[in-house]
Amino acid sequence: MEILIPISLFAALFGMVYLYLSTRNKERLALIEKGADASIFMKGANNRPPMWKVILLNLAVLLMGIGLGVFIATILDKYTVLGDAVYPGTIFLTAGVALFIGFNLSKDLDKK
């Protein structure tokens, strides 16, 4: 019975990738059949920053936010009577703020 979990996970991932690729292919073929130039698929690719820079920026800001959350949670736990529940709340709050900041930094990186 435990074998069904990895099989269903693999099937779901395969189904999503297959659906994405087949739909993209059908859309492109339909555009080409209607006379659209194939170069529209490459438009804007040169103006964007590389994907690894965006991922690295967001990961760095997220990890800094988590570290800040742990630091603030430790201070709150030591000097208040909030208890241990302060850790997940503070960590998730600062991680969310960090993701928002990373998103805005990525938008600014895209403008350059």
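The following exercises, each with a worked solution, concern a predicted model.

**Exercise 1. Work out what span the 30 residues of helix α1 should have, and compare it with the distance between the end C-alpha atoms.**

Step 1. Helix α1 runs over residues 4-33, and the expected span is 1.5 Å times one less than the number of residues, which for these 30 residues comes to 44 Å.

Step 2. In the model the end C-alpha atoms of α1 are 42 Å apart, and this agrees with the expected span.

Step 3. Turning to what comes after the helix, we find that α1 is followed by G35, a residue whose phi is positive, near 100°.

**Exercise 2. Repeat the calculation for the 29 residues of α2, and then state which residues of α2 are buried.**

Step 1. With 1.5 Å a residue, the 29 residues of α2 should span 42 Å.

Step 2. The end C-alpha atoms of α2 are 42 Å apart in the model, which agrees with that expectation.

Step 3. A residue counts as buried when its relative accessible area is under 20%, and in α2 the buried residues are V54, V61, G65, G69 and A73.

Step 4. As for what covers these buried residues of α2, the cover includes α3.

**Exercise 3. Which aromatic residues are linked into a cluster by ring pairs, and are these residues buried or exposed?**

Step 1. The count of aromatic pairs comes to two. One of them is formed by F10 and F14, whose rings are 6.4 Å from centre to centre with 25° between the planes, and this pair is stacked.

Step 2. F10 and F14 are four residues apart in helix α1, so they are separated by about one helical turn.

Step 3. For F14 and Y18, the ring centres are 6.2 Å apart and the planes stand at 15°; because planes under 30 degrees apart count as stacked, this pair is stacked. F14 and Y18 also both lie in helix α1, four residues apart, which is about one turn of the helix.

Step 4. Ring pairs therefore link F10, F14 and Y18 into a cluster.

Step 5. A residue is exposed when its relative accessible area is over 50%. F10 has a value of 60% and is exposed, F14 at 54% counts as exposed, and Y18 with 55% is exposed.

**Exercise 4. Describe the surroundings of S106 and of L109, two residues placed in helix α3.**

Step 1. Helix α3 covers residues 86-111, and S106 is found in it. With a relative accessible area of 11%, S106 is buried.

Step 2. If neighbours within four places in sequence are left aside, S106 is in contact with V54, L57 and N58. With N58 there is also a polar contact of 3.4 Å, which joins the two side chains.

Step 3. L109 lies in helix α3 as well, but its relative accessibility is 27%, and L109 therefore counts as partly exposed.

Step 4. With neighbours within four places again left aside, L109 is in contact with P49, K53 and V54. The C-alpha atoms of L109 and L57 are 9.7 Å apart in space, although these residues are 52 residues apart in sequence.

**Exercise 5. Which residues line the largest pocket, and which helix gives the most to the lining?**

Step 1. The largest pocket holds about 260 Å³ of space, and its lining consists of R48, P49, M51, V54, F103, S106, K107 and D110.

Step 2. Both α2 (51-79) and α3 supply at least two residues each to this lining.

Step 3. The helix that gives the most is α3, with four residues.

**Exercise 6. Compare T80 and T90 by placing each along the chain and deciding whether each is buried or partly exposed.**

Step 1. T80 lies in the loop between α2 and α3, whereas the place of T90 is in helix α3.

Step 2. T80 has a relative accessibility of 32% and counts as partly exposed, while T90, with a relative accessible area of 10%, is buried.

Step 3. A polar atom of the T80 side chain lies 2.2 Å from the backbone oxygen of L76. T90, not counting residues up to four places away in sequence, touches G69, I72, A73 and L76, and among these G69 and A73 belong to the buried residues of α2.

Terms used. Residues are numbered from 1 along each chain as its sequence is written. This is a predicted model: local features need pLDDT of at least 70, side-chain atom pairs count only at pLDDT 80 or more; totals for chains, interfaces and linings use all residues. Side-chain values use heavy atoms; hydrogens and water are left out. Buried means under 20% relative accessible area, exposed over 50%, partly exposed in between (1.4 Å probe, protein chains only). A polar contact is a pair of N or O atoms within 3.5 Å; within protein, one must be able to donate a hydrogen and the other to accept it, and residues adjacent in sequence count only if both atoms are side-chain atoms. Contact means heavy atoms within 4.5 Å. Rings of Phe, Tyr and Trp (its six-membered ring) pair if their centres lie within 6.5 Å; planes under 30 degrees apart count as stacked, over 60 as edge-to-face and the rest as tilted. On a 1 Å grid over the protein atoms alone, a cavity is a set of points where a 1.4 Å probe fits but cannot get out, and a pocket is an open set with protein on both sides within 12 Å along at least five of seven lines; lining residues have an atom within 4 Å of a point. Grid points are joined across faces, edges and corners, and a volume is the space filled by probe spheres set on the points.
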